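Reader: Hi, I'm new to reading protein structures and would like some help with this one. Could we go through it together, a piece at a time?

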Amino acid sequence: ALALCHSANGAVKKSKEHNFIDVTTGHSGVWALASDVGEKGLLYYLEGSFGKDLDAEMLNGEWTKSNIGKVKKVAVSQNIIWTTSGYTVYYRTIKGKDPVPWNESWQKDPQDLSVISVSPKCTVWAVNKFNKVLRRVGAGPCDEDAVGSDWENVKTPENMQHVDVGKAGVWAVGKSGDVYYRTFTRFGYSSKKAFYLRIKDYDPVGKEWEKVKDLKGLKMKYVSSGAHRLVLAIAEDNTVYRRFGIGHEFPSGYEWQFVSRNYTALQALDDKENVFLGVNTDGDVALKYIDLCAGVTCQNE
């Protein structure tokens, strides 16, 4: 059956109350890092976004400053928020119906991370200051242990500059600009054989790093793993690309397709394949709709 084709309606921008450099979203709401003079790295929470489906109107809401101070990166899942700041990782579990970011304490974990990512199942992956990839041992599922116990080094084919985890699996970008997929980390069926046998061969640790094919010679700096078939990447010139062809037969897809220009950070959503949340080069937090059928025949798996 043909999938519904969504047109690319452009970005829906937030109000200009603040300028931002990074944004993330999950069940625990929308969180962003400010880029304004004197406020760079301050963490803000979008009021009313906890547990809600993200839409354009929501981005016009109030942004409330968190009490954590300046951080480098933020990631959220069902009931936890992770941030990294200098030599310390901070996390906070969420109880109740709203994070109340100005009135909660943060737990500390001594680890110097430059990138941190958390999946909808609360599995956590990160990159440290030496460009080595780490994963959080024991973290996930969310209702069992959202925090985990320790950090474990994961061997990689090269030093990495970015890593991200979502329903589409664990993806990373090397210092070379090449993109890698961690095999068997895609939620659900990770192979064609498993799909037909109805065996869920998902492994949160994965097996090995697979360098994804790229006939265009693109060099990436940022990758985001979202819904089962949605992986986005940002090239060195701030152009956004979507990985086309992801499925149980080809979990890493087979080509990059152009989506948009002028984005410095983004998050592929876990529950939608036709939209992402990002920060453009003007410092706006924006929803961007993706034309899933641009130049191709759109089909469901």
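Author: Let us begin with a pair of cysteines: Cys122 and Cys142 form a disulfide, and their sulfur atoms lie 2.1 Å apart. Please keep in mind throughout that this is a predicted model.

Reader: OK, and where in the chain do those two cysteines sit?

Author: Cys122 is in the loop between β10 (113–118) and β11 (124–128), while Cys142 is in the loop between β12 (133–137) and β13 (150–154). The two are 20 residues apart, and the pair links distant parts of the chain.

Reader: Are Cys122 and Cys142 buried or exposed?

Author: Cys122 is buried, and Cys142 is buried as well.

Reader: Which hand does the disulfide have, and why?

Author: The torsion about the S-S bond of Cys122 and Cys142 is about 105 degrees, so the disulfide is right-handed.

Reader: How many disulfides does a search of the whole structure find?

Author: A search of the whole structure finds one disulfide.

Reader: Let's zoom out, then. What does the secondary structure come to?

Author: The protein has one helix and 24 strands. Of its 301 residues, 56% are buried, and the accessible surface comes to about 13,300 Å², with 48% of that belonging to carbon and sulfur atoms. If you take the contacts with a separation of 6 or more, 53% of them are between residues 24 or more positions apart.

Reader: Could you pick one strand? I'd like to know how many residues of β19 are buried.

Author: In strand β19, which spans residues 231–235, five of the five residues are buried, so the strand is largely enclosed by the rest of the structure. Both of its faces are covered, with Val231, Ala233 and Ala235 on one side and Leu232 and Ile234 on the other.

Reader: And in what sense do β18 and β19 pair?

Author: Strand β18 (residues 220–225) pairs with β19 in the antiparallel sense, over five bridges, and Met220 stands opposite Ala235 in β19. These two strands form a hairpin, with five residues between them.

Reader: What about β20, how many bridges join it to β19?

Author: Three bridges join β19 to strand β20 (residues 240–244), and these two run antiparallel, with Ile234 standing opposite Val240 in β20. The hairpin of β19 and β20 has four residues between the strands, and there Asn238 takes a positive phi near 70 degrees.

Reader: Changing topic: I clicked on Glu39. Where is it found?

Author: Glu39 is found in the loop between β3 (29–34) and β4 (42–46). Its relative accessible area is 18%, and since buried means under 20%, Glu39 counts as buried.

Reader: Which side chain does the side chain of Glu39 make a polar contact with?

Author: The side chain of Glu39 makes a polar contact with the side chain of Tyr44, at 2.8 Å. Leaving aside residues up to four places away in sequence, Glu39 touches His18, Ala34, Tyr44, Lys65 and Lys70.

Reader: Last thing: where is confidence lowest and where is it highest?

Author: The protein averages a pLDDT of 86, and 85% of the residues score at least 70. Confidence is lowest in strand β1 (residues 11–13), at a mean of 49, and highest in strand β16 (residues 179–182), at 98. Over residues 1–13 the pLDDT is below 50, although this stretch has 39 contacts in the model beyond near neighbours in sequence. The pLDDT also stays under 50 over residues 295–301, for which the model has 22 contacts beyond four places in sequence. Where pLDDT is low, the predicted coordinates should not be read in detail.

Methods
Residues numbered from 1 in each chain as written. Predicted model: local features only at pLDDT ≥ 70, side-chain atom pairs only at ≥ 80, totals over all residues. Heavy atoms only, no water. pLDDT = per-residue confidence, 0-100. Contact = heavy atoms within 4.5 Å. Buried < 20%, exposed > 50% of the residue type's maximum accessible area, 1.4 Å probe, protein only. Pairing = 2+ DSSP bridges. Disulfide = S-S within 2.5 Å. Areas by Shrake-Rupley, 256 points an atom, 1.4 Å probe, with all protein chains shown as cover. Polar contact = N/O pair within 3.5 Å; in protein donor to acceptor, adjacent residues only side chain to side chain.
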